[in-house]
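Biologist: Please show the structure, and let us then go through it by question and answer.

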Amino acid sequence: MRDVGAEIKRFILTEVAAELNLERLEDNEPLIESGIVNSLGILKIMGFLDESFGIDLSSDQVKLENFKDVDTIRNLVECQNEKGN
């Protein structure tokens, strides 16, 4: 079984916030408020979710609160996967 949260964290640490040189990221760490993710980072995460998990977000799902932390993003992926099944 895939560890969705770990994959999201790895992507954020290596692709979105690489310049911050963070060693780890907590599941509930506020991504936007802490400056780890900005608007460009949200777009990168959306592309990653589409490519890695087949998640194509509708316009009503593209809200900052859906990208608040890793837990929230993982829940978004899991909800979309449930709808697809």
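Modeller: In this predicted model, helix α2 is followed by G54, whose phi is positive.

Biologist: What is the phi of G54, the residue that follows α2?

Modeller: G54 comes after helix α2. Its phi has a positive sign. The value is near 70 degrees.

Biologist: What is the mean pLDDT of the protein chain, and which helix has the highest confidence?

Modeller: The mean pLDDT of the protein chain is 92, and 96% of its residues reach 70 or more. Confidence is lowest in helix α3 (residues 70-84), at a mean of 89. The highest mean, 97, belongs to helix α1.

Biologist: How far does α2 reach from its first C-alpha to its last?

Modeller: Helix α2 has 15 residues. At 1.5 Å a residue, a span of 21 Å is expected. The model is close to that expectation, for the reach of α2 is 21 Å.

Biologist: Which residue caps the N-terminal end of α2?

Modeller: The cap is made by a side-chain oxygen, which lies 3.1 Å from the backbone nitrogen of L40. The residue that supplies this oxygen is N38.

Biologist: Why do the buried residues of α2 lie on the same side of the helix?

Modeller: The buried residues of α2 are G41, I42, I45, F48, L49 and F53. They are on the same side of α2 because the arc they cover around the axis is only 120 degrees. An α-helix has 3.6 residues a turn, so residues three or four places apart point the same way. The arc that places the buried residues of α2 on one side is thus 120 degrees.

Biologist: Which exposed residues does the face of α2 turned away from its buried side carry?

Modeller: To count as exposed, a residue needs over 50% relative accessible area. On the face of α2 turned away from the buried side, the residues that are exposed are S39, L43 and E51.

Biologist: Which aromatic residues are linked into a cluster by ring pairs?

Modeller: The count comes to 2 aromatic pairs. F11 and F48 are stacked, at 4.3 Å centre to centre and with 10 degrees between the planes, whereas F48 and F53 are edge-to-face, at 5.7 Å and 90 degrees. Because F11 lies in helix α1 and F48 in helix α2, the stacked pair ties together parts that are 37 residues apart in sequence. The cluster linked by these ring pairs consists of F11, F48 and F53.

Biologist: Is F53 buried or exposed?

Modeller: A residue under 20% relative accessible area is buried. F53 has a relative accessibility of 12%, so F53 counts as buried.

Biologist: Where does Q61 lie, and is Q61 buried or exposed?

Modeller: Q61 is found in the loop between α2 (39-53) and α3. Beyond four places in sequence, the residues Q61 touches are D56, N66, F67, L76, Q80 and K83. Because its relative accessibility is 12%, Q61 counts as buried.

Biologist: Which residues does Q80 contact, leaving aside its neighbours within four places in sequence?

Modeller: Q80 belongs to helix α3. Its relative accessible area is 16%, so Q80 is buried. Its contacts beyond four places in sequence are I55, L57 and Q61.

Biologist: What is the relative accessible area of N66?

Modeller: N66 lies in the loop between α2 and α3. Beyond four places in sequence, N66 touches Q61, T72, I73 and L76. N66 is buried because its relative accessible area is 19%.

How values were computed:
Residues are numbered from 1 along each chain as its sequence is written. This is a predicted model: local features need pLDDT of at least 70, side-chain atom pairs count only at pLDDT 80 or more; totals for chains, interfaces and linings use all residues. Side-chain values use heavy atoms; hydrogens and water are left out. pLDDT is the predictor's confidence in each residue, from 0 to 100. Helices (H or I, at least four residues) and strands (E, at least two) are DSSP runs, numbered from the N terminus. Buried means under 20% relative accessible area, exposed over 50%, partly exposed in between (1.4 Å probe, protein chains only). Contact means heavy atoms within 4.5 Å. The expected span of a helix is 1.5 Å times one less than its number of residues. The arc is that of the directions from the helix axis to the C-beta atoms. A polar contact is a pair of N or O atoms within 3.5 Å; within protein, one must be able to donate a hydrogen and the other to accept it, and residues adjacent in sequence count only if both atoms are side-chain atoms. Rings of Phe, Tyr and Trp (its six-membered ring) pair if their centres lie within 6.5 Å; planes under 30 degrees apart count as stacked, over 60 as edge-to-face and the rest as tilted.
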